[in-house]
Amino acid sequence: MVRFALRRVITLPMLLLAIYGSAVLLVMAAPGEGLEAGAKDLPPEVLAAKRVAYNYDQPWWQRYFWTWPKRLIWDQDLPAHQYEDWTVVEILRSALPVSLQLGLLALSLAVILGIAAGCLAAAFRGRWLGHLSVGLCLIGISLPTFVTGVLLLVVAGLWLRVVPVGGWGRPSQAILPAIALALPYAAYIARLTRSALLDAYSEDYIRTARAKGLSETQVLLEHALPNALLPVLSYLGPAAAAIFTGSFVVERVFSVPGMGTHVVESIRNRDQSLILATVMVYAFLLASFNLVVDLLYATVDPRIRVGAKTL
């Protein structure tokens with residue numbers, strides 16, 4: 001297990017470097033440097049001073065692969081074009097915890113709701129409760145997050161007035177965005193759980209458990225569900241990454257001061273330093289969650305570790 005984990009950890013920096021290099025190529029291919037935004041009326045000498053301050057006077061390879069990473073990680077004074085007197089590190093420090101809190105809450109809701117709905121759909125298959133669970137799952141998968149977000153905002157926030165419709169800081173303000181962000185992934189987890197449980201019900205160990213006189217609840221929770229969670233575990237890595245990287249739509253709908261606003265604004269203003277920083281934050285989150293899920297999967301299923309040793 002330790003060797004398997006070390007191999008995955010060693011490949012992580014190489015993966016991040018490859019992602020950063022690809023992001024740099026895309027940023028260089030985009031027209032403009034971002035300094036032109038709001039600088040049309042500036043004198044040439046002021047614009048030249050800004051180019052020096054943002055390191056655009058350096059060769060591209062030195063700026064992207066030495067100066068900016070050094071100023072971001074070591075000096076922590078990498079400026080953002082679109083914000084005056086606000087560095088990229090300060091932006092990430094203020095916005096990243098909000099997105100992480102929202103993402104963790106949405107992921108927890110997705111897992112809880114998805115597994116519960118999948119268990120109901122499998123336990124009551126062929127009955128109205130099972131059909132209802134499957135129908136709700138199809139609706140949850142079909143509706144994008146901005147549609148469910150607007151519906152929740154109008155119904156729960158404006159019509160019923162049971163929770164706040166926007167902002168951040170109070171626990172009640174996180175309810176609607178977390179639900180809107182979690183519903184599509186909860187629906188997919190429910191489908192995975194239901195399918196895995198139905199496959200498990202046809203196995204011999206389930207028949208043996210029933211022959212011992214165990215109740216259907218014990219058969220489900222103690223025997224079928226632990227084995228049915230393997231597909232769910234393998235899905236949690238991409239799901240967590242999608243929740244954290246796709247939260248900017250929900251953040252915009254509910255006015256959550258997370259990474260989403262800065263991602264959209266940095267792309268619109270061609271703020272290259274902020275674009276690259278946010279891309280690397282999301283890439284690190286994606287790689288880290290996939291690593292954690294792989295380790296969990298290898299813990300649950302020892303065949304993963306055996307296959308890794310033969311590589």
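This briefing covers the overall fold, two pockets, one helix pair and four individual residues of the structure above. The model is predicted. The protein has 13 helices and 0 strands, and 41% of its 311 residues are buried. The largest pocket holds about 440 Å³ of space, and the second largest has a volume of about 380 Å³.

**Overall fold**

- Read along the sequence, the pattern of the protein is α-α-α-α-α-α-α-α-α-α-α-α-α, in keeping with a count of 13 helices and 0 strands.
- The C-alpha trace spans about 85 × 60 × 30 Å along its principal axes.
- Of the contacts between residues at least 6 apart in sequence, 69% join residues that are at least 24 apart.

**Largest pocket**

- This pocket has about 440 Å³ of space.
- The lining consists of 19 residues, and those closest to the centre are Tyr 20, Leu 72, Ile 73, Leu 276 and Met 280.
- Two or more lining residues come from each of helix H1 (2–29), helix H3 (60–75), helix H4 (88–123) and helix H12 (272–300).
- H12 provides the largest share of this lining, with 7 residues.
- Sorted by class, the lining has 18 nonpolar residues, 1 polar residue and no charged residues.

**Second largest pocket**

- The volume of the second largest pocket is about 380 Å³.
- This pocket is lined by 19 residues, of which Ala 117, Leu 136, Cys 137, Gly 140 and Leu 183 are the closest to its centre.
- At least two lining residues are supplied by each of H4, helix H5 (128–142), helix H6 (145–159) and helix H7 (175–201).
- H5 gives the most to this lining, with 7 residues.
- The lining divides into 15 nonpolar and 4 polar residues, with no charged residues.
- H4 is thus named for both pockets: it gives two or more residues to the lining of the largest pocket and at least two to that of the second largest.

**Packing of H4 against H9**

- Two packed helices are described by the angle between their axes and the distance between the axes.
- For H4 and helix H9 (residues 216–245), the angle is about 150° and the axes are 10 Å apart.
- The crossing of H4 and H9 is right-handed.
- On the H4 side, the contact involves Ser 99, Leu 100, Gly 103, Leu 104, Ala 106, Leu 107, Val 111, Ile 115 and Cys 119.
- On the H9 side, the residues met are Leu 220, Leu 225, Leu 229, Leu 236, Ala 240, Ile 243 and Phe 244.
- By class, the residues of this contact are 14 nonpolar, 2 polar and no charged.

**Leu 12 and its partners**

- Leu 12 lies in helix H1.
- Leu 12 counts as buried because its relative accessible area of 16% is under the 20% cut-off.
- Not counting residues up to four places away in sequence, Leu 12 touches Phe 284 and Ala 287.
- Leu 12 and Phe 284 are 272 residues apart in sequence, yet their C-alpha atoms are 8.6 Å apart in space.

**Arg 71 and the loop after H3**

- Arg 71 is located in helix H3.
- With a relative accessible area of 16%, Arg 71 is buried.
- Leaving aside neighbours within four places in sequence, the contacts of Arg 71 are Ala 53, Asn 55, Gln 76, Asp 77, Leu 78 and Pro 79.
- Gln 76, one of these contacts, sits in the loop between H3 and H4.
- Gln 76 is partly exposed, at a relative accessible area of 36%.

**Positive phi outside glycine**

- Most residues other than glycine have a negative phi.
- Gln 76 is not a glycine, but has a positive phi of about 60°.
- Arg 270, also a residue other than glycine, has a positive phi near 55°.
- Arg 270 is placed in the loop between helix H11 (259–268) and H12.
- Arg 270 counts as partly exposed because its relative accessibility of 33% falls between the 20% and 50% cut-offs.

Key. Residues are numbered from 1 along each chain as its sequence is written. This is a predicted model: local features need pLDDT of at least 70, side-chain atom pairs count only at pLDDT 80 or more; totals for chains, interfaces and linings use all residues. Side-chain values use heavy atoms; hydrogens and water are left out. On a 1 Å grid over the protein atoms alone, a cavity is a set of points where a 1.4 Å probe fits but cannot get out, and a pocket is an open set with protein on both sides within 12 Å along at least five of seven lines; lining residues have an atom within 4 Å of a point. Grid points are joined across faces, edges and corners, and a volume is the space filled by probe spheres set on the points. Helices (H or I, at least four residues) and strands (E, at least two) are DSSP runs, numbered from the N terminus. Ala, Val, Leu, Ile, Met, Phe, Trp, Tyr, Cys and Pro count as nonpolar, Asp, Glu, Lys and Arg as charged, and the others, Gly among them, as polar. Axes are lines fitted to C-alpha atoms, for helices over the stretch in contact, and angles run from 0 to 180 degrees between N-to-C directions. A crossing is left-handed if the near helix is turned anticlockwise from the far one by less than a right angle, and right-handed if clockwise. Contact means heavy atoms within 4.5 Å. Buried means under 20% relative accessible area, exposed over 50%, partly exposed in between (1.4 Å probe, protein chains only).
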